[in-house]
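Open the model in your viewer and keep the selection tool ready. This tour goes stop by stop, with something to select at each one.

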Amino acid sequence: MSVDYSWYLFLGAALFTIGAYGLLIRRNPLVMFMCIELMLNAVNLTFVTFSRMLNDIGGQVVVFFVLVVAAAEVVVGLGILVSILRRRPSATVDDISALKG
């Protein structure tokens, strides 16, 4: 019993849509960061699905590199966000002036 590939593509599209909606609607930087990660994982699911459909390992290799870059992004981005939110807990993305030294 196997699940059809179209279900995985539909799930990837739904996750990407939820992430894009959250990114456009919310103003909290931490929630926006999580929405970007959700969109990134939706694209990874789509890459893996197409890789399995075409019996090619190229999509899985791309996902590996995307996950490495995403891990570095999380380390740097989350560090910056936590330091900003510690100084001003009610900070929004419009408060770019908090990044000035």
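**Stop 1: helix H3.** Start by selecting H3, which has 30 residues. At 1.5 Å a residue it should span 44 Å, and its end C-alpha atoms are 44 Å apart, so the helix agrees with expectation. H3 covers residues 58-87.

Remember that this is a predicted model. Colour it by pLDDT. The chain mean is 90, and 94% of the residues reach 70 or more. Among the elements of the chain, H3 has the lowest mean pLDDT, at 91. Helix H1, residues 5-25, has the highest, at 97. Where pLDDT is low, the predicted coordinates should not be read in detail.

Now show the buried residues of H3: Gly59, Val63, Ala70, Gly77, Leu81, Ile84 and Leu85. Which helix do they pack against? They pack against H2.

**Stop 2: helix H2.** Select residues 29-54 to get H2. H2 has 26 residues. From its first C-alpha to its last it reaches 38 Å, close to the 38 Å expected at 1.5 Å a residue.

Show the buried residues here too. They are Pro29, Val31, Met32, Phe33, Cys35, Glu37, Met39, Ala42, Asn44, Thr49 and Ser51. These residues pack against both H1 and H3. The next stops pick out single residues from the three helices and from the loop after H2.

**Stop 3: Glu37.** Select Glu37, in helix H2. It is a buried residue without a salt bridge. How far away is the nearest side chain of opposite charge? That side chain belongs to Arg26, and it is 17 Å away. A salt bridge needs a side-chain nitrogen of Lys or Arg within 4 Å of a carboxyl oxygen.

Next, show what surrounds Glu37. Leaving aside neighbours within four places in sequence, Glu37 is in contact with Ala70, Glu73 and Val74. Ala70 is one of the buried residues of H3.

**Stop 4: Val74 and Glu73.** Step across to Val74, in helix H3. Val74 counts as partly exposed because its relative accessibility is 29%, and partly exposed lies between 20% and 50%. Measure from its C-alpha to that of Glu37: the two atoms are separated by 8.8 Å, although the residues are 37 apart along the chain. Beyond four places in sequence, Val74 touches Phe33, Glu37 and Gly79.

Select Glu73, also placed in helix H3. Glu73 is partly exposed, with a relative accessible area of 29%. Outside its four-place neighbourhood, Glu73 touches Phe33, Ile36, Glu37, Leu40 and Leu78. Then draw a line to Asp94. Glu73 and Asp94 are 21 residues apart in sequence, and their C-alpha atoms are 21 Å apart in space.

**Stop 5: Ala20.** Move to helix H1 and pick Ala20. Is Ala20 buried or partly exposed? It is partly exposed, with a relative accessible area of 22%. Add Ile36 to the selection. Ala20 and Ile36 are 16 residues apart in sequence, yet 7.6 Å apart from C-alpha to C-alpha.

**Stop 6: Ser51.** Return to helix H2 and select Ser51. Its relative accessibility is 6%, so Ser51 counts as buried. Show the polar atoms. A polar atom of the Ser51 side chain lies 2.2 Å from the backbone oxygen of Asp56. Not counting residues up to four places away in sequence, Ser51 touches Asp56, Ile57, Gly59 and Gln60. Of these, Gly59 is listed among the buried residues of H3.

**Stop 7: Asn55.** Finish in the loop between H2 and H3, at Asn55. Asn55 comes just after H2. What is its phi? Phi of Asn55 is near 50°, a positive value in a residue other than glycine. Most residues other than glycine have a negative phi. Turn on the surface as well. Asn55 is exposed because its relative accessible area is 73%, and exposed means over 50%.

Terms used. Residues numbered from 1 in each chain as written. Predicted model: local features only at pLDDT ≥ 70, side-chain atom pairs only at ≥ 80, totals over all residues. Heavy atoms only, no water. Helix = DSSP H or I, 4+ residues; strand = E, 2+ residues; numbered from the N terminus. Buried < 20%, exposed > 50% of the residue type's maximum accessible area, 1.4 Å probe, protein only. Polar contact = N/O pair within 3.5 Å; in protein donor to acceptor, adjacent residues only side chain to side chain. Contact = heavy atoms within 4.5 Å. pLDDT = per-residue confidence, 0-100. Expected span 1.5 Å × (residues − 1). Lys, Arg positive; Asp, Glu negative; His and termini not counted.
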